[in-house]
Number of protein chains: 2
Amino acid sequence: MRSLDRLISNLKRLPGIGPKQAERISLHLLRRPPEETRELVASLEEARRNIRFCRECHYLSEEPLCDICRDGAREPHTICVVEQPGDLVAVEKSRSYRGLYHVLHGTLSPLEGVAPKDIRAESLLERLKRSDGRIREVVLAMDPDMEGEATALYLAQQLRSYPVKVTKIARGIPLGADLDYLDEGTLTSAFEGRREF
Amino acid sequence: MRSLDRLISNLKRLPGIGPKQAERISLHLLRRPPEETRELVASLEEARRNIRFCRECHYLSEEPLCDICRDGAREPHTICVVEQPGDLVAVEKSRSYRGLYHVLHGTLSPLEGVAPKDIRAESLLERLKRSDGRIREVVLAMDPDMEGEATALYLAQQLRSYPVKVTKIARGIPLGADLDYLDEGTLTSAFEGRREF
């Protein structure tokens with residue numbers, strides 16, 4: 001069935017969905033009342049239509065300014081820089097940070113041809129200029145991989161000419177980890193970052 | 001964001017998708033070019049519009065008769081009865097069966113009020129009447145749970161008045177299983193169904 005194959009192949013492109021699950025979801029939808037597919041389609045279209053990027057931090061938003069940038073209760077002197085909207089969501093869920101954000105929408109990757117102009121790096125510097133000294137700290141919260149490190153390094157260099165403290169979130173052993181299963185890099189970071197007890 | 005929450009809650013209803021993955025899929029779609037969402041939506045709508053049930057066996061089909069019922073190379077004397085289209089797909093993938101099918105679209109469940117009239121049971125009997133002796137065997141391939149057993153028992157009783165052999169697929173130890181991890185029911189079936197070596 002051509003239309004079933006087409007649906008399965010589109011579902012397979014979604015993150016974390018393999019061929020088997022794509023098939024199961026397709027058959028599930030065909031078995032359920034058509035209103036369920038209509039509601040799913042309507043919500044997909046609505047999300048694409050209504051959700052834009054915040055003009056300040058580039059997080060997702062239905063308004064020109066996102067919920068966080070509009071929230072007067074946030075600590076206004078700190079910006080946490082993340083790679084993707086999903087990273088912001090994860091930090092928010094941890095309730096470990098109460099400041100503002102900046103979403104880069106990518107990481108530098110010379111191999112894949114991603115240059116500073118392809119991510120929202122320039123606009124971070126512009127925000128700092130506009131802020132007139134209000135921003136006192138920029139927290140870099142990139143993923144701990146090669147692209148994330150390269151991006152953090154680049155931003156740290158660019159930020160040198162601004163009167164802000166630049167910090168990076170700590171690396172170390174994750175909660176609940178087995179020391180004997182951890183990779184060497186993580187253990188090295190954990191020892192380098194050790195603190196007095 | 002209301003429209004993001006709506007999309008996430010619709011994705012969570014799909015089989016095997018938890019809250020975390022629903023969020024990841026939503027953010028992924030918003031990050032990708034809009035054409036990808038359009039293509040996904042188009043394929044969902046096309047599948048719902050074009051895919052109907054085969055008038056003979058009730059499997060999914062874009063034509064009045066499904067690919068299998070139209071296929072002259074199938075063994076025409078046997079009907080394998082399954083609960084859902086997904087079960088048919090699984091049997092086809094195993095390449096262990098070359099006959100025809102009958103998809104019930106459900107199982108009997110007195111507790112949930114599913115009676116014989118709510119599944120495609122009557123139409124199996126009508127197929128046998130119409131077949132004029134062409135069908136010689138009906139293979140029952142229900143899931144090995146209470147509803148599946150009840151459905152198989154009901155069908156076997158109904159089929160008594162027809163000149164067909166009624167069989168049931170074997171229960172036993174699945175390939176690659178650890179005997180000491182198997183439940184008692186499966187082991188009992190495996191012993192009851194033992195064959196000469």
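## Burial and the model

A residue counts as buried when its relative accessible area is under 20%, and as exposed when that area is over 50%. The structure described here is a predicted model. By that cut-off His105(A) is buried, because its relative accessible area is 18%.

## Two residues with positive phi

Most residues other than glycine have a negative phi. His105(A) departs from this, with a positive phi of about 55° although it is not a glycine. The residue sits in the loop of chain A that runs between strand S4 (100-103) and helix H6 (122-131).

Arg95(B) is another residue other than glycine with a positive value, its phi being near 50°. Its place is the loop between helix H5 (85-94) and strand S4 (100-103) of chain B. Is Arg95(B) buried or exposed? With a relative accessibility of 75%, Arg95(B) counts as exposed, whereas His105(A) is buried.

## How the two chains are related

Chain B is superposed on chain A by a rotation of 180° with 0.0 Å of shift along the axis, and the RMSD is 0.0 Å. The two copies are therefore related as by a two-fold rotation axis. Within chain B, Val41(B) has the C-alpha nearest that axis, at 2.9 Å from it.

Through which surface do the copies meet? Of the interface residues of chain B, 100% are also interface residues in chain A, so the copies meet through the same surface.

## Helix H3 in each chain

H3(B) is made of 17 residues. From first C-alpha to last, H3(B) reaches 24 Å, close to the 24 Å expected at 1.5 Å a residue. Its buried residues are Thr37(B), Leu40(B), Val41(B), Ser43(B), Leu44(B), Glu46(B), Ala47(B) and Arg48(B). Val41(B), whose C-alpha is the one in chain B nearest the axis, is thus among the buried residues of this helix. An α-helix has 3.6 residues a turn, so residues three or four places apart point the same way. The partners of the buried residues of H3(B) come from both chains: helix H1 (2-12), H2 and H3 of chain A, and H2 and strand S1 (52-53) of chain B.

H3(A) also has 17 residues and a reach of 24 Å between its first and last C-alpha, close to the 24 Å expected at 1.5 Å a residue. The buried residues here are Thr37(A), Leu40(A), Val41(A), Ser43(A), Leu44(A), Glu46(A) and Ala47(A). Their cover includes H2 of chain A, along with helix H1 (2-12), H2 and H3 of chain B.

## Leu29(B) in helix H2

Leu29(B) lies in helix H2 of chain B and is buried, with a relative accessible area of 4%. What does Leu29(B) touch, not counting residues up to four places away in sequence? Its contacts are Leu14(A), Leu44(A) and Arg48(A) in chain A, and Thr37(B) and Leu40(B) in chain B. Thr37(B) and Leu40(B) are themselves among the buried residues of H3(B), and Leu44(A) is one of the buried residues of H3(A).

Leu29(B) and Arg98(B) are separated by 69 residues in sequence and by 40 Å in space, C-alpha to C-alpha.

## Cavities

The model has four cavities of 30 Å³ or more. The largest of them has a volume of about 80 Å³. Its lining consists of 14 residues, and those nearest the centre are Leu11(A), Leu14(A), Leu11(B), Leu14(B) and Leu40(B). Helix H2 (19-31) and helix H3 (34-50) of chain A, with helix H2 (19-31) and helix H3 (34-50) of chain B, are the elements that give two or more residues to this lining.

By class, the lining of the largest cavity has 14 nonpolar residues, with no polar and no charged ones. Leu14(A) and Leu40(B), which lie among the residues nearest the cavity centre, are also contacts of Leu29(B).

## Two buried loop residues of chain B

Thr107(B) belongs to the loop between S4 and helix H6 (122-131) of chain B. A relative accessibility of 16% makes Thr107(B) count as buried. Leaving aside neighbours within four places in sequence, Thr107(B) is in contact with Glu83(B), Val114(B), Ile119(B), Glu147(B), Gly148(B) and Thr151(B).

Ile135(B) is found in the loop between H6 and strand S5 (137-140) of chain B, and is buried at 3% relative accessible area. Not counting residues up to four places away in sequence, Ile135(B) touches Pro76(B), His77(B), Ile79(B), Leu128(B), Pro163(B) and Val164(B). Ile135(B) and Met146(B) are eleven residues apart in sequence, yet their C-alpha atoms lie 28 Å apart in space.

Definitions and conventions. Residues numbered from 1 in each chain as written. Chains lettered and ligands numbered in written order. Predicted model: local features only at pLDDT ≥ 70, side-chain atom pairs only at ≥ 80, totals over all residues. Heavy atoms only, no water. 1 Å grid on protein atoms, 1.4 Å probe; cavity = no way out; pocket = protein on both sides within 12 Å on 5 of 7 lines; lining within 4 Å. Points joined across faces, edges and corners; volume = space filled by probe spheres on them. Helix = DSSP H or I, 4+ residues; strand = E, 2+ residues; numbered from the N terminus. Nonpolar A, V, L, I, M, F, W, Y, C, P; charged D, E, K, R; others polar. Buried < 20%, exposed > 50% of the residue type's maximum accessible area, 1.4 Å probe, protein only. Expected span 1.5 Å × (residues − 1). Contact = heavy atoms within 4.5 Å. Least-squares fit on C-alpha atoms with pLDDT ≥ 70 in both.
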